[in-house]
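Good morning, colleagues. I should like to present the strand pairing in one model, which is shown here.

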Amino acid sequence: SLIRLKNDDGYLFYMKYVLIAAVLIIAGFIFALQYIPIGIEPLTEVYLENHAYLPSGALVNKTYNYTFAVHNLEYREMNYTYEVVIEYANRSYNLTDVSIERGSFSLIDNETIAVESNYYFPKKFQRAKVKTIVYKDNNESIDIHFWINEVVPFSITIVNDTVNGTVRNSK
């Protein structure tokens, strides 16, 4: 019942053994594939919503807002905390980094939340980074940020020069 093949050199091959060996090799590969990771890596996405509409400049003492989103792709429920910090780029004004908001939330797998945050600058600042830091259960952190420049308003005051009777401009 064995299939015998003869090649040009006269050697006999038993096809049954070749087929059994092939099946065993394929079964070994299939077994080994179970232990190779399939590339699914748990992660959390953090991003700015409507990033194209973020202001590039801000006035002192005016409130602004932005929205950031967190998407849980960790394959389990996760607890998150976040902090919004303003980091001042120019230290010549003696301003320190300021934490302006903190919060927490919980997300199930594949759930997304959008968080609106308000910020303002109480003093002159030239340039600052508005940074959002999101902390996961295991204390890993993810941060996103955007830069903003101070907009300095100017005014023109027209006064009467009572000495000459002419009008002059002053800033």
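I shall first state the conventions and then describe the strands.

This is a predicted model, in which local features need pLDDT of at least 70 and side-chain atom pairs count only at pLDDT 80 or more, while totals for chains, interfaces and linings use all residues. Residues are numbered from 1 along each chain as its sequence is written, and side-chain values use heavy atoms, with hydrogens and water left out.

Strands here are DSSP runs of E with at least two residues, numbered from the N terminus; two of them pair if DSSP finds at least two bridges between them.

Let me begin with the open sheet. Its three strands follow the order β3-β5-β8, and the pairing is antiparallel. Because β3 (43-48) and β8 (112-119) stand at the edges with a single partner strand each, one side of each is left without a neighbour in the sheet. On average, neighbouring strands of this sheet are turned by 20° against each other, direction ignored; the axes behind this angle are lines fitted to C-alpha atoms. Between β5 (residues 64-73) and β8 there are eight bridges, and Ala69 stands opposite Ala114 in β8.

I turn now to strand β6. How many of its eleven residues are buried, that is, under 20% relative accessible area with a 1.4 Å probe and protein chains only? Nine are, so strand β6, residues 78-88, is mostly covered.

Strand β6 runs antiparallel to β7 (residues 98-107), joined by nine bridges, with Met78 opposite Leu107 in β7. Eight bridges join β6 to β9 (residues 127-135), again antiparallel, and here Tyr82 stands opposite Val134 in β9.

Conventions: Helices (H or I, at least four residues) and strands (E, at least two) are DSSP runs, numbered from the N terminus. Axes are lines fitted to C-alpha atoms, for helices over the stretch in contact, and angles run from 0 to 180 degrees between N-to-C directions. Buried means under 20% relative accessible area, exposed over 50%, partly exposed in between (1.4 Å probe, protein chains only).
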